[in-house]
Amino acid sequence: MKKLIIVICIAATIAASIAIGVFISHFGLGFASNIGNWGAVGDFFGGVLNPTFALLSLILIAYTLMQNKKALEQSEKAIEQGTKAIEQNETALRVSNEELTLTRNELANSSEALKEQAKLLAIQSFETTFFNMLELHSKTLDKIRFNANSCFSKISSQLEISSIKSQGECHGAEAFSSIVRFINEISDEGNIIDYFELFYTYEGKDINIYFRNLYQAFKMIDDAFSNPKTEIKYSNLLRAQLSDEELVLILLYCLNPRLNEEAFKKLIIKYALFEPLDIVFIKSSSDFKIGSIGIILSTNEIHSYMEFNEQNKLINSAFGSNSKMYSYCFDQKLLR
């Protein structure tokens with residue numbers, strides 16, 4: 001474009017020089033003598049140079065239009081290429097989004113699989129510990145020894161009876177049966193909790209580890225799960241290992257005010273540990289009789305294993321769905 005302008009300027013200069021040269025050679029130098037001659041001079045130069053300059057201008061305009069056309073074509077190509085590039089980028093982004101979605105789904109699936117695997121491992125770990133505790137519970141129970149005559153000789157001075165039915169030494173589950181019969185016999189219709197405390201003072205160290213291990217087993221279930229169905233599953237399995245006499249002793253153990261086993265009592269209520277007990281309400285005395293041995297407990301003592309709301313309606317009970325306790329609660333209008 002710059003070269004063309006130079007060429008046109010040179011051509012215009014040459015054309016003007018030729019016109020001036022021809023004029024001077026023919027007419028000479030000097031000013032015209034009248035106005036008509038001035039007009040003739042103007043007509044001469046206009047007639048000679050105007051077409052030349054117009055032609056050069058037309059060439060320049062034509063060249064400019066061609067350059068503009070090329071520039072427009074190049075711009076259109078650039079725009080077209082840009083559009084294609086944008087479309088390619090959109091396609092690439094769409095593919096990337098699809099790949100990201102697939103990757104996210106795979107990660108989510110992997111995460112779910114890992115969560116399930118972690119849950120399974122946690123359950124396996126729990127069950128290993130849980131069944132080890134059940135085995136420990138069994139071994140602890142087998143180690144328990146109780147001799148009623150020996151215990152009676154230790155505490156006879158504090159009793160109102162002078163003798164008991166002869167009982168030899170027992171161990172394991174039989175020892176618990178012997179302990180329950182012994183406590184019931186020495187209470188002689190007194191407050192059985194006081195006599196259990198007396199018994200526990202002399203013999204408690206031998207069975208204390210049993211109660212502690214049992215509490216830890218229930219606490220482990222309570223800490224390990226948040227799903228009530230799962231908690232009930234394992235607590236029922238643990239409860240199935242306990243005889244009625246064991247349940248009675250656990251009941252008496254947590255009622256002992258000196259031991260203050262409120263944490264254990266809460267777990268007992270939560271998991272309805274005493275649901276299998278044979279318990280009967282005696283209307284004439286407003287007491288409860290438990291089991292074939294006939295342990296007698298007051299209403300307040302039994303109610304301590306039941307939770308009530310502000311309207312004195314039953315919320316939860318250590319006796320669960322025990323039919324006899326349900327009938328008692330229904331008769332006493334304790335049900336919601």
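**Helix packing around H5, H7 and H8**

Helix H5 goes past helix H7 in a left-handed crossing, meaning that the near helix is turned anticlockwise from the far one by less than a right angle. The model is a predicted one, so to speak of local features takes a pLDDT of at least 70, side-chain atom pairs count only at pLDDT 80 or more, and totals for chains, interfaces and linings use all residues. Residues are numbered from 1 along each chain as its sequence is written, and side-chain values use heavy atoms, with hydrogens and water left out.

Overall, the protein has 10 helices and seven strands, taken as DSSP runs numbered from the N terminus (H or I, at least four residues, for helices; E, at least two, for strands). Of its 336 residues, 32% count as buried, that is, under 20% relative accessible area, with exposed over 50% and partly exposed in between (1.4 Å probe, protein chains only). Among contacts (heavy atoms within 4.5 Å) between residues at least 6 apart in sequence, 64% link residues at least 24 apart.

Back to the two helices. H5 covers residues 192-224 and H7 covers 244-255; their axes come within 9 Å and cross at roughly 110°. Axes here are lines fitted to C-alpha atoms over the stretch in contact, and angles run from 0 to 180 degrees between N-to-C directions. H5 and H7 are therefore roughly perpendicular to each other (65 to 115 degrees; under 35 is roughly parallel, over 145 roughly antiparallel, and the rest oblique). On the H5 side, the residues involved include Ile192, Phe196, Tyr200 and Phe211, and among those they meet in H7 are Leu249, Ile250 and Tyr253. The residues of this contact split into 12 nonpolar, one polar and two charged, where Ala, Val, Leu, Ile, Met, Phe, Trp, Tyr, Cys and Pro are nonpolar, Asp, Glu, Lys and Arg are charged, and the others, Gly among them, are polar.

H7 also has H8 (262-270) to deal with. The axes of H7 and H8 come within 9 Å as well, crossing at roughly 135°, and the two are therefore oblique to each other. This crossing, too, is left-handed. Ile250, Tyr253, Cys254 and Leu255 of H7 make the contact with Phe264, Lys265 and Ile268 of H8; six of these residues are nonpolar, none polar and one charged.

Ile250 turns up again in the largest nonpolar core, a set of 75 residues in which Phe182, Phe199, Ile250, Phe274 and Leu297 touch the most other members. Such a core joins buried Ala, Val, Leu, Ile, Met, Phe, Trp, Tyr and Cys residues through side-chain atoms within 4.5 Å. H5 supplies the largest share, 16 residues. Beyond its neighbours within four places in sequence, Leu297 contacts residues including Ile192, Ile193, Leu252, Leu255 and Phe288.

The loops have some details of their own. Leu273 sits between H8 and S3 and counts as buried, at 1% relative accessibility. Not counting residues up to four places away, Leu273 touches Phe218, Leu247, Ile250 and Ile268, among others. Most residues other than glycine have a negative phi. Asn260, in the loop between H7 and H8, instead has a positive phi of about 55°, and at 57% relative accessibility Asn260 is exposed. Ser286, between strands S3 (279-282) and S4 (287-290), also has a positive phi, near 60°, but Ser286 is partly exposed at 36%.
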